[in-house]
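New to this one? Have a look at the chain below, and then we'll walk through a few of its corners together.

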Amino acid sequence: MQEKSGFIISTDKERLDRNLIHSFVSQKSYWGKGRSKEAMDRAIEHSVYCFGVYQQHKDVEKQVGFARVISDLTTFGYLADVFILEEYRGCGLGKWLVQSIVEHPALCTLKRLGLFTQTPEFYL
């Protein structure tokens with residue numbers, strides 16, 4: 001778990017707000033429009049790591065971002081469903097999320113870590 005300015009990144013799948021993730025991916029993303037809740041849950045369960053970004057204020061925690069990694073944990077990894085909620089964009093959370101994935105101890109030794117996107121400027 002990493003912390004930064006009132007936000008944390010965690011790989012604990014139990015912590016994920018699956019309704020929020022499904023809502024964003026199936027309704028607001030260009031890549032997952034119409035994805036069913038069951039398909040999203042299966043995708044989360046079968047991903048080797050899921051990264052949630054959470055805002056913490058006092059005792060309240062709100063998920064504001066997500067990404068998942070599909071990998072053999074030996075040679076390659078693929079980033080999927082990467083997003084930060086619109087109202088939290090522009091303050092470096094997306095870059096921090098991707099950096100956390102790239103530097104994760106189980107992923108940093110992979111030969112290839114890929115992401116296919118129509119919005120590359122988000123990750124710069």
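## Two backbone oddities

Let's start with Leu73, which is partly exposed, with a relative accessible area of 39%. You'll find Leu73 in the loop between β4 (60-71) and β5. Keep in mind that this is a predicted model. The phi angle of Leu73 is near 60 degrees, a positive value in a residue other than glycine.

Asp81 also has a positive phi without being a glycine, with a value near 55 degrees. Asp81 sits in strand β5, and with a relative accessibility of 5% it counts as buried.

## Rings that meet

How many aromatic pairs does the structure hold? There are 6. One of them joins Phe7 and Tyr88 edge-to-face, with 6.2 Å from centre to centre and 85 degrees between the planes. Phe7 belongs to strand β2 (residues 7-10), while Tyr88 is in the loop between β5 (76-84) and α3 (93-102), so this pair ties together parts that are 81 residues apart in sequence. Are Phe7 and Tyr88 buried or exposed? Both are buried.

Phe24 and Trp31 make another aromatic pair, this time tilted: the centres are 6.5 Å apart and the planes meet at 45 degrees. Phe24 counts as buried, at 5% relative accessibility, whereas Trp31 is partly exposed, with a relative accessible area of 33%. Zoom out a little and you'll see ring pairs linking Phe24, Tyr30, Trp31, Phe66 and Phe83 into a cluster.

## A charge over a ring

Tyr54 has a charged partner to look for. Arg15 lies over the face of the Tyr54 ring, at 5.3 Å from the ring centre.

## A serine in a loop

Now hop over to Ser29, in the loop between α1 (18-28) and α2 (37-45). Ser29 has a relative accessibility of 2%, so it counts as buried. What does its side chain reach? The side chain of Ser29 reaches the backbone nitrogen of Gly32, at 3.0 Å.

## Cysteines without a bond

If you're hunting for disulfides, the count is 0. Why does Cys50 have no bond to Cys108? The sulfur of Cys108 is the closest cysteine sulfur to that of Cys50, but the two are 19 Å apart, which is too far for a bond; a disulfide would need the sulfur atoms within 2.5 Å. Cys50 itself counts as buried, at 1% relative accessibility.

Note on methods
Residues numbered from 1 in each chain as written. Predicted model: local features only at pLDDT ≥ 70, side-chain atom pairs only at ≥ 80, totals over all residues. Heavy atoms only, no water. Helix = DSSP H or I, 4+ residues; strand = E, 2+ residues; numbered from the N terminus. Buried < 20%, exposed > 50% of the residue type's maximum accessible area, 1.4 Å probe, protein only. Polar contact = N/O pair within 3.5 Å; in protein donor to acceptor, adjacent residues only side chain to side chain. Phe/Tyr/Trp six-rings, centres within 6.5 Å; stacked < 30°, edge-to-face > 60°. Lys NZ or Arg CZ within 6 Å of the ring centre and 35° of its normal.
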